[in-house]
Each structure stands twice: as structure tokens, then as C-alpha cells.
Amino acid sequence: MSRANISFLLKFSLLFIFLILTKVTLYSQTGVIKGRVYNEKNNEPMPFVNIIISGTTIGSTSDFDGNFIFKGLEPGNVKLEASFVGFERVLTEEIRVTNARNANIDIGMREEQFQLEEVVIEASPFQEREESPLSLRRISASEIDANPGSNRDISRAIQALPGVAFTPAFRNDVIIRGGGPNENSFFIDGVEIPNINHFATQGSGGGPVGIINVDFIREVEMYSSAFPANRGDALSSVFEFRQIRGCDERLNYRATLGASDLALTIDGPISDNTTMIFSARRSYLQFLFALLELPFLPTYNSFQFKTDTKLDEVTDLTFIGIGAIDQFNLNLDANDTDLQRYILDYLPVNEQWNYSLGGVYRTFRNDGFDRIIISRNMLRNFSYKYEDNDENNPRTFDYESDEIENKIRYERVTEVGEYRLMYGAGGEYARYLNNTYRQVFFNNEISEVSYNSSLDIFKYSAFSQISRRFIDSRLSLSLGIRTDANSYSSIMANPLDQLSPRISSSYNLTDQTSINSSVGRYYQLPPYTTMGFRDEDGLLINKNNNLSYISSDHYILGISHFPARLSKISIEGFYKTYDNYPFSLSDSVPIGAKPVDFGAFGDEEVSSISTGRAFGGELLYREQRFEGLNVILSYTFVRSEFKDIRNNDYIPSSWDNRHIINLTATQELPNNWDVGFKWRFSGGAPYTPYDLELSSQRDAWDIKRQGYLDYNNFNAERLPLYHQLDLRVDKKYFFNNYSLMLYVDIQNVYNFQQELAPFLIRETDELGNPLPAETINGEEVYSLKKLENKAGNILPSIGIMIEF
């Protein structure tokens, strides 16, 4: 980014700050919260429940149908506390109160297993579950919305959670406890979605911008271990995104001008028993990138919707949908610098679209509920490159691929005496299509990789988990088991080979301190790009190489301490082992240890022979809304390594950052002001140097237009440490018929320049033209030079939201 463009953005942001500081005459406006309290076991309404606004004396009581209402509330973020004799106290997630729309919330309450005389257990925002008493983190919609440096992007906001690494590059990879970005699973209201980012890397994940609209989100939960048995196909984390319900009284609108896109959200009733919420977004990044003279011009579009229907008193039906259309053009006019010419020379055009649709049917019985989830998701990924970026020339690279999944899952949650039981099963039909052409340089000669692949796979799973509290609820135990299998090969077809047991325990040493542990084995299917790869004879070569499920064993031990109701301090140690990880036969390294770029990942010949480990510890301090202060402070030490089968030593993976510090703090101020900052620190990641001799060969360079990595010195170099400070200021106005929310966000305030792995480019003459090849010892070679690669600029942005 040029200094002139940075100066322009800074001046624009300062002008915007001046405008929001200008005095505005406001009307006296108040908001409404409506809701229902029910027994979470059987959905029966609970009358006469006491509900208060947390931290105040403002209260209400539910009626015979469990309904309650608060009127005349000052706009802002609040939590509700619900209490009733014989039931555990509940503290809800934060609820956003505005004058423009009524907030709706359902509060489920759980019966106490042990009646404790003369003991009052306060509700806490950090309540733990028997299934996952540790390694479970929550972040509310308001925390995401106001997260400094995130610009209301959920994919960036979750990087503030403990154990989550971050990269200075233009990506939202979710890297948790030393695991790769393809080791995570994502669920929205119980419906699995394969990816949460625009321009995702097929076979891995990541991407520059998140797809999920924060206006939909009620709360996000992240499991970094101790996964519930009904959640599979994950090695590092499981994310649960819970969405709000639409308003049941009238249509509401919210228009947003963000840092990179425009969005419109609509919610309201469809009928007497159905509500909906819908949004659409379109980016204007292509205009910003053209202004900044970047050599690529991306455009993303997304949609999201949810409907909730109450079929009768015990049955409800939810439909959700989310999708994206990502388009991409090269900016051939941006070719003045070495970096611009290098990017234009090698970068292919990448375009993709995807969607996920799902329905959740839930019906309650006297002792629990049944849930059926049916969903379909699809990804279509295009990538191509013309020689010299001239469409009159042939394509040197051409890739088109589809991933289609159709899923059904049944879950039953019930209580048998003092035991809580969950069990179910799932089935899936998946289809993978791939049409690939590319030239490669291998064994000192040019060859072509060209294949068409069509793959049909049937998958199935079964799971069960039983939990109970003992010793007056001081001890909780949970035992779960899961199995997965599919029709890809005989290696993967036996469910007994993928048995996944897990056990969690928690013991309260005092009312404020508990010791927690978890041990489990988890399995994940290799990416479709790897499963569907074919050799020159059209054979599924990785199937013949006995490709199998990847497994990971987790051993977790931690202590949690609650010095106050809204405070938490925890320490966790973790040790994870990996087995049957795909090993690249061309590069002789585990593919999970390799760096990830845009496009596709994993489409190569492999064998399931790699092993690895990740271990370390986490320290977390959390403060939630103590006098308006919200703090997340975490330190993570992590080592991520794979075993080098050539010498039996461990080598660092690309996610071996070692030291990660996250500090996020926001403060509510009078008159609807909010301020916050986020400071992040990360140790340098390993990287692999270039093989200069191979890269300089003319035939090798002309095919790839990039340097070749020296895998004999895999991850032998390490980048310097990285740190960044982000600031954010929010101001809210509440007028007679609408609300106006404004923010200024400044990323990398002190303009830290992060040194990344250098680029390798051809030497040029004084006019910028590449020098021709020279003949040395009978071989034609190019003269190459390294180009400095740095990331990080001051990046100010503004946001405007209008709700009416």
C-alpha cells in the first residue's frame, strides 16, 4: 500500500471520528426483550420463574405459558438471569437491546440433580458441561461485533480465543493448538457446513474474508478438545455457531457499510408461527484494490437465511442456508513494480461458489427430545492460468472441481434417572468431481498431469455419550464413543477400525476451583482432493496406497478458578498425537506440515505413513462485563512437529509458532460509547528455503513461474516474531424510528512490518524486463534474485450500520 493511499485513509478516518464526536440531538428511546422459559428436558413452559436484568434490580416473572417481557429498557447489551426452585440458575448470553427491534430469546432451564440446602449457586457465564468440562470457549455476538481489528468478521474475531494462532498474511486460517487449518469442523444451529470463508482453499480451509454474517449470531462455542460424540471429522476443533430468531411482530431492516462490503439484513414474521432472518452482502474490494494498485481484483457475494417454525407445543422446525459467489480478475495494469509483475506472472485466476442448506426437526418427549438434521452442501472451484496472461494463448493450468455432500443425522437426548444420555447415527452420500490439467517439472523433465476424476462415497456414523454428576454435583463424568466408516475402500469400510472413545471428568475442589481432564481419540477423513487424485493411468493411486482415516489422540489436563462470578482463570496442558497422516511421495514430507496457499490443496500422491505431535499449555484470564469491562488475555505455548521418516527425527510443522499471546479489552462508556484494543504476539513460523539450483532451470521456472522449495531442508528456517495492535471506537445513536451505529477501526496502529519468507524472481534489466536465460554447463538457466516480502500496514476503516 502506498504512503499516499495510507495518508488518504487516515485522513478520512480522522474526519469520520470528528463527525461521530459531533453532538447529535437524540430522542428518549427504549427497547423490549421478549422470551419464553422452558424445561430443557421436555420443552414444557415454566411459569413463575424469576428473571432479572443481570447486574440490576429490574425483574420480571414468566406467566403460565412461560412467557415474559421487559419494556422500557435502555439500549445496549444485557444478560438475563433466570432462577426457579429445583432448577439450576441460568445466565444467558448477551442480548442486544435497541429501539428499532424487539429482542427475542428462549431460556432453557435444567433440573438440579442434587438439592443443596441453604446453598445458593450463582449463575455464571462460564458454566461448564459434563461432556466438555475444559477446552470449551465461548464468545458472544457483541464481543464479535466490537472486536478490534476484525471489522465484524467472525473468522478474525475467533483468533482472539486461547490456543488460536494467527498469520500476518491475508488469510483467515483457523490454526488451533498446532493443528492444520483443515482439522476443524463447523456447525450452524446443528447443521454442518464445510467452510466459513470466501475464496477458501479446497482441501484445507482458510480464505481472506468470513462468510457468516455477525448479525445472525447469538453465540459461538469453540471446542479445542473434548469433542461431544455427535461431532465428528475433526482433529483440532469444533465450532458451534448459534443464531438468533427473527422478530415475531414486524419486519426489521439493518443496512451495513463495512470495511470491504455492503450488507442488508431483514428479519420478521412470515406467518403466525414462523419467523425469518435473511441477509445479502456484496464486496467492493475490487475498487479498493484497484485504488491501491494491487495486481488482483477479488469480488465476493454472500447470502444467509434462517426460518423458525413452531409446528405445535413440542415440535419446531428450522431451516438455514448460507452461500457465497467469489469472483476474481487479474489487474494487468498494475505491473510497475517487481512484486506486481511477479504476482501477475504466477497467480492463476481463482473463482468459486458454494452453498449449504439444512433443516432441523426437533420434537420433545417427557424425558428429552429427538432431532433430525438433513443438509446438503456444494462447492465448485475453478482455477486457470493462460500463458503470459493472454487469453489467445493456451492454458498452462486448468482446474475445475465439485464437492457435493448430502447428509442426514438423528440425535436423541434423554435423561434416565440421574444419567444424561445422548445417542444417534448419521449417513451421507458424497460426490467428488475433478478435471485437472497442469504441467509439472519432475525428475529434471517436463511432464503433464491430466485426469478426470469422479468419486461417489457413502459414509455412516454412530455415536453415544452418557454423563452424570456425583458427590453432590462436585464430580462429573462423561463417557462417549463414536465410529465412522465409508465405502471408499476396504481400509475405511470397517467401523471397528475407527472406534473413537472419549472420557471427560471434572472435580470441584472448592466452590471456585475445579480440576478437569479429558482423554479421547478422534478421526478425520483425508480431503477429497487427496482421495480423488488419479495417476496417468486413471487409477485412484492413493486408494491403491491404502489411504486411511487420520487419527489424533488428545490428553488434556487443566485447572479452572473463578475469583468472581464474571471472572475466570484457567490453565490447561495438552498433548496430541497424530497417526496415519498423508505423506507426500513427491516432496517426502507430510502434507499437513506444508504451507497452504489459495486454490486447492492435497491433490497429489500420498501414503498414510506420517506421524506427528503437538503439545503445550494455555493460560487464560477472562473478565466479562465487570463495570462494562470485557477482557480476554491468553498465552499459549505450543510445539507442532511431524516425524521425518528419513532420519526418525521430529521436524516442525508450518504451524509451530511456539509462543502466542492475545489480549483483547473493550470498555463500555457513558452515552453509548465503546472503546477497545487488541494486541497480538506470535513467535515466528518455520519456512522452507528455496532450491536455487532447481528453480533457476529454465524449463522448471517457465512451468511454475515461482521458486521450488528445498524439501531436503524442510522448515529449516524461521521467521522473526510478529506483533500487532488494533484499536476500535464505537458510537451508537438511538433516534425516534431508527438506530445508527458507527465505528472506526485501525489495524496495526504502530505499523509493524512483518518479515515473511522472501519471493524468488528473475533478474531484470533497467526497464524491468526479465533477463534471458544463459547456457551454463549445457543447461539453460535464469538469473534469479530474492525479493523482500513484508506484511503489515496501518489499515484504518470505518463502519456504518442503520437499523429500522
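The questions and answers below concern a predicted model.

Biologist: How many salt bridges does a search of the whole structure find?
Modeller: The search covers the whole structure. Among the pairs is glutamate 572 with arginine 137, at 3.4 Å, N to O. The total found is 65.

Biologist: Which strands hold glutamate 572 and arginine 137, and how many residues apart are they?
Modeller: Their side chains meet in a salt bridge. The pair links distant parts of the chain. Glutamate 572 is in strand β33, residues 567-584, and arginine 137 is in strand β10, residues 136-140. They are 435 residues apart.

Biologist: Is glutamate 572 buried or exposed?
Modeller: Buried means under 20% relative accessible area. Glutamate 572 has a relative accessibility of 4%, so it counts as buried.

Biologist: Is its partner, arginine 137, buried or exposed?
Modeller: The same cut-off of under 20% applies. Arginine 137 has a relative accessible area of 3%. Arginine 137 is therefore buried.

Biologist: Where do aspartate 215 and arginine 152 lie?
Modeller: The two side chains meet in a salt bridge at 2.5 Å, N to O. They link distant parts of the chain, 63 residues apart. Arginine 152 is in the loop between α2 (141-145) and α3 (154-157), and aspartate 215 is in the loop between β16 (209-210) and β17 (217-223).

Biologist: Which residues do salt bridges that share partners join into one network?
Modeller: Aspartate 215 and arginine 152 are both buried. Both belong to one network, built by salt bridges that share partners. Its members are Arg96, Asp145, Arg152, Asp215, Arg254 and Glu803.

Biologist: Are aspartate 308 and lysine 306 buried or exposed?
Modeller: Their side chains meet in a salt bridge, 3.5 Å from N to O. Aspartate 308 and lysine 306 are both buried.

Biologist: Why is strand β23 largely enclosed by the rest of the structure?
Modeller: Strand β23 spans residues 315-330. Each residue is judged by its relative accessible area, with buried meaning under 20%. The strand is largely enclosed because the buried residues number 12 of the 16.

Biologist: How many bridges pair β22 with β23?
Modeller: Strand β22 covers residues 296-312. A hairpin of two residues joins β22 to β23. One bridge pair is threonine 299 with glutamine 327 in β23. The pairing is antiparallel, over 16 bridges.

Biologist: Which residue in β24 stands opposite aspartate 316?
Modeller: β23 also pairs with strand β24, residues 349-365. That pairing is antiparallel, over 12 bridges. Opposite aspartate 316 stands arginine 362.

Biologist: Which are the edge strands of the open sheet of four strands?
Modeller: The order is β3-β2-β6-β7, with antiparallel pairing. An edge strand pairs on one side only. The edges are β3 (59-61) and β7 (90-91).

Biologist: In β7, what is the bridge partner of glutamate 81?
Modeller: Strand β6, residues 80-83, runs antiparallel to β7. Two bridges join them. The partner of glutamate 81 is leucine 91.

Biologist: Which side chains make polar contacts with the side chain of asparagine 434?
Modeller: Asparagine 434 lies in strand β27, residues 419-442. It counts as buried because its relative accessibility is 4%. One polar contact is 2.7 Å and another is 2.4 Å. The partners are, in that order, tyrosine 432 and threonine 436.

Biologist: What else does asparagine 434 touch, not counting residues up to four places away in sequence?
Modeller: Contact here means heavy atoms within 4.5 Å. Asparagine 434 touches Tyr399, Glu400, Ser401, Tyr451, Asn452 and Ser453.

Biologist: What is the area of the nonpolar surface patch that includes Ile466?
Modeller: Isoleucine 466 is in strand β28, residues 445-470. At 35% relative accessibility, it counts as partly exposed. The patch is made by Val416, Tyr419, Ile466, Leu479, Ile503, Val519, Tyr555 and Tyr575. Its area is about 690 Å².

Biologist: What is phi of isoleucine 471?
Modeller: Isoleucine 471 sits in the loop between β28 and β29 (475-486). Its phi is positive, in a residue other than glycine. The value is near 50°.

Biologist: What is phi of aspartate 233?
Modeller: Aspartate 233 is in the loop between β17 and β18 (237-243). With a relative accessible area of 32%, it is partly exposed. Phi is again positive in a residue other than glycine, near 60°.

Terms used:
Residues numbered from 1 in each chain as written. Predicted model: local features only at pLDDT ≥ 70, side-chain atom pairs only at ≥ 80, totals over all residues. Heavy atoms only, no water. Patch = residues over 30% accessible without salt bridge, like charges linked within 9 Å, V, L, I, M, F, W, Y side chains within 5 Å. Areas by Shrake-Rupley, 256 points an atom, 1.4 Å probe, with all protein chains shown as cover. Salt bridge = Lys/Arg side-chain N within 4 Å of Asp/Glu carboxyl O. Buried < 20%, exposed > 50% of the residue type's maximum accessible area, 1.4 Å probe, protein only. Pairing = 2+ DSSP bridges. Polar contact = N/O pair within 3.5 Å; in protein donor to acceptor, adjacent residues only side chain to side chain.
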